[in-house]
Amino acid sequence: MKQGIFISLEGDDGAGKTTAARNIKNELEKMGLEVVYTREPGGSPIAEQIRQILLDPANKAMDAKTEAVLYAASRNQHVKDTILPALQEGKIVLCDRFLDSSIAYQGYGRKLGADRIEHLNDFVLEGLRPDLTLFFEVSDETGHKRMVSRGDMNRLDQESRQFHEDVRQGFRKIKSNPANTERIHVVNAEGSVEEVLEQSMKIICEFIKSKKDFDHE
Ligand code: TYD
């Protein structure tokens, strides 16, 4: 059976993941690899409908547990419809946010607890985890500036500065968890678009080389 590579991209709002993802996809395709770019919340027709509810700034009254369950629901549909089929076809899946975002935002940002969010997602994921995760790290100052300058802020973007600092702190805790040291690699996202791409490709290419059974022919 063919088996692809599952790569997730993580970081707080304003870390520049989405631009990086587009550039990484281009580079990998130039190398002759097949890449599926996808994102959470969303990434499949039903999951995109859940995304609308989650990010709608009008839904200010959404309870934190409702939010956590909806992110998990979106993820379940996305995994079944998009991620697993692509991996079975031997493709590289480049996923803009995945489980670590739920732990950082709902676990630490909303203070529901990292363990409870992991448990909730265990029901959905049944052990599935990214093979490799790039953590795009920026300072609180840069992240805040980039997010505000983007305009058109979604419901989560509009949360307080304190919320986003808790999220960034959450990402740091996830990264320093010994269970994650092999999977998670940090990209310093303070630099230029070119520098960020170069760091990302170095990590990804080393990973691909180490995965000898990866058969993309
Ligand atoms: P999006 O516009 O895709 O943000 P970005 O470009 O920063 O990735 O919006 C996704 C938002 O949802 C973002 O604020 C992070 C948040 N989120 C969670 O709170 N929990 C999750 O599990 C995921 C996947 C995203």
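Me: Is Ala86 buried or exposed, judging by its relative accessible area?
Reply: With a relative accessible area of 6%, Ala86 falls under the 20% that bounds the buried class, where over 50% is exposed and values in between are partly exposed (1.4 Å probe, protein chains only). This is a predicted model, in which local features need pLDDT of at least 70 and side-chain atom pairs count only at pLDDT 80 or more, while totals for chains, interfaces and linings use all residues. Residues are numbered from 1 along each chain as its sequence is written, and side-chain values use heavy atoms, with hydrogens and water left out. Because its relative accessible area is 6%, Ala86 is buried.

Me: In which helix is the place of Ala86, and what distance separates its C-alpha atom from that of Val36?
Reply: Helices (DSSP runs of H or I, at least four residues) and strands (runs of E, at least two) are numbered from the N terminus, and Ala86 belongs to helix H3. Val36 is 50 residues from Ala86 along the chain, and the C-alpha atoms of the two are separated by 7.2 Å.

Me: Which class of burial does Leu87 fall into, and how many Å apart are Leu87 and Val187 in space?
Reply: Leu87 also lies in helix H3, and it counts as buried because its relative accessibility is 4%. Leu87 and Val187 are 100 residues apart in sequence, and from C-alpha to C-alpha their separation in space is 24 Å.

Me: In which pocket does the ligand sit?
Reply: A pocket is found on a 1 Å grid over the protein atoms alone, as an open set of points with protein on both sides within 12 Å along at least five of seven lines, where a 1.4 Å probe fits. A molecule sits in a pocket if more than half of its atoms lie within 2 Å of the grid points. By that criterion, the ligand sits in the largest pocket.

Me: Which element gives the most residues to the shell around the ligand?
Reply: The elements that give two or more residues are helices H1 (17-30), H2 (45-55), H3 (64-88) and H4 (99-109). The one that gives the most, with 4 residues, is H4.

Me: How many residues of the shell around the ligand are charged?
Reply: The ligand is surrounded by 18 residues, the closest being Lys17, Tyr71, Arg97, Ser102 and Gln106, where a residue is near if one of its heavy atoms lies within 4 Å. Ala, Val, Leu, Ile, Met, Phe, Trp, Tyr, Cys and Pro count as nonpolar, Asp, Glu, Lys and Arg as charged, and the others, Gly among them, as polar. The shell divides into 5 nonpolar residues, 5 polar ones, and a charged group of 8.

Me: What percentage of the accessible area that the ligand has on its own does the protein cover?
Reply: Oxygen atoms of the ligand lie 2.8 Å from an N or O atom in the side chain of Tyr71, 3.0 Å from one in the side chain of Arg75, and 2.7 Å from a polar side-chain atom of Arg97. Of the 540 Å² of accessible area that the ligand has on its own (Shrake-Rupley method, 1.4 Å probe), the share covered by the protein is 93%.

Me: With which residue does the side chain of Arg97 make a polar contact?
Reply: Arg97 is found in the loop between strand S3 (92-96) and H4, and it counts as buried because its relative accessibility is 13%. Its phi is near 80 degrees, a positive value in a residue other than glycine. A polar contact is a pair of N or O atoms within 3.5 Å; within protein, one must be able to donate a hydrogen and the other to accept it, and residues adjacent in sequence count only if both atoms are side-chain atoms. At 3.2 Å, the side chain in contact with that of Arg97 belongs to Tyr105.

Me: What is the conformation of the peptide bond from Glu40 to Pro41?
Reply: Pro41 has its place in the loop between S2 and H2. With omega near -10 degrees, the peptide bond that joins Glu40 to Pro41 is cis.

How values were computed: On a 1 Å grid over the protein atoms alone, a cavity is a set of points where a 1.4 Å probe fits but cannot get out, and a pocket is an open set with protein on both sides within 12 Å along at least five of seven lines; lining residues have an atom within 4 Å of a point.
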